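Trainee: Can we go through how the labels on this model get decided? I'd like to see each value held up against its rule.

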Amino acid sequence: MAADLFRDTRGILIESIWWDARTDEVVWVDITAGTVHRGRWDGAVDGSDDRVIELPPPVSAVQPATGGGYVAALKDRVVLLDAAGGITRDLAALPHRHDGIRLNEGKVDPFGRFVVGAMDLSADDPDAGLYAVGADGSARTLRGGFGITNGLEWNDDGSVMFVTDTMTRTVYRGAYGPDGDLGELEPFLVGRMSDGLVRAADGSFFNGIYGDGVVVHWGADGGVLGERTIPVPNVTSVAFAGPALDVLLVGTARENLSEDALSQHPLSGGIFRLDTGATGLPVHTFGEDRTASDDLHDSKEN
């Protein structure tokens, strides 16, 4: 089954797609433009009725926060936004080793921390970092030495973290937990220019392959289960969305494409939808420890 067009946004670099169950909207960013978009599930394909928030570019990731607002990653700082998208607080500064680095992929972990990585835009040795920011504004470096951090995920109880380095064509995994320490990383998915990554409810993974125009479905053991073609080359973000979290949305980019390539792939920078037969999991909320809530729920049932 072919990919359907969800939004013809013509975005420069679409990332950080997720379903906001609080408002029944899809949320995403255009990193280079510095815009945050919120759109209804049944909204106009051309995006004309989406709500657009302008922030200081680049804005690489946005995620839900307690109180109805959001947490967002800018070039070298993490900020809190109110429900309307206005910046209410500079939460943490994450200075980079040089000006050729900016923040990139970011997601909230199962314990309520905002984990965000950086990418090195220069041709120098990989020296981008991976950071964790708490709701109190505390920040720590989890690991350095990345080229392009992407595709963050966790298993159900948060004991394993997955992090992608697009430059090394590898998704790594390592021990993780409530204390926020990230253990030694080992290769998990290898050999493709992996960008966005999302874990399905059955434990399998979907990720976008930048430059190849495909989404790969991986089993929980790292084996390839299938591959779906997207009608543009640069696939970026992948996320389950919709009221039942049963549709895979796929973000793409116009960046790094020549005028000739754009004429051949005019839908580049759009968001596509795939019916995969899988369902997703709700995103975590910044400042909320879902594992503690689950423990409390379990104790009340016992």
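Mentor: Sure, let's start with one residue: at 3% relative accessibility, Phe6 counts as buried. Before going on, this is a predicted model, where local features need pLDDT of at least 70, side-chain atom pairs count only at pLDDT 80 or more, and totals for chains, interfaces and linings use all residues. Residues are numbered from 1 along each chain as its sequence is written, and side-chain values use heavy atoms, with hydrogens and water left out.

Trainee: What makes Phe6 buried?

Mentor: Buried means under 20% relative accessible area, exposed means over 50%, and partly exposed is in between (1.4 Å probe, protein chains only). Phe6 has 3%, so buried is the word.

Trainee: And why is Trp41 called partly exposed?

Mentor: Trp41 comes out at 22%, so it falls in that in-between range.

Trainee: How many aromatic pairs are there?

Mentor: Nine. The rule takes rings of Phe, Tyr and Trp (its six-membered ring) with centres within 6.5 Å; planes under 30 degrees apart count as stacked, over 60 as edge-to-face, and the rest as tilted.

Trainee: Why is the pair of Phe6 and Trp41 called tilted?

Mentor: Their centres are 5.4 Å apart, so they pair, and the planes stand at 40°, which makes the pair tilted. Phe6 is in strand β1 (residues 4-7) and Trp41 in the loop between β4 (35-40) and β5 (51-54), so the pair ties together parts 35 residues apart in sequence. Strands here are DSSP runs (E, at least two residues), numbered from the N terminus.

Trainee: What makes Phe206 and Phe240 edge-to-face?

Mentor: With 5.7 Å centre to centre and 85° between the planes, they pass both tests, so edge-to-face it is. Phe206 sits in strand β19 (residues 205-209) and Phe240 in strand β22 (residues 235-241), 34 residues apart. Both are buried.

Trainee: How do you know that Arg7 lies over the face of Phe6?

Mentor: The rule wants NZ of Lys or CZ of Arg within 6 Å of the ring centre and within 35 degrees of the ring normal. Arg7 is at 4.4 Å from the centre of the Phe6 ring.

Trainee: Why do β2 and β5 count as edges?

Mentor: Four strands form an open antiparallel sheet in the order β2-β3-β4-β5. β2 (14-20) and β5 each have a single partner strand, so one side of each lacks a neighbour in the sheet. Two strands pair if DSSP finds at least two bridges between them; β3 (residues 25-30) and β4 have six.
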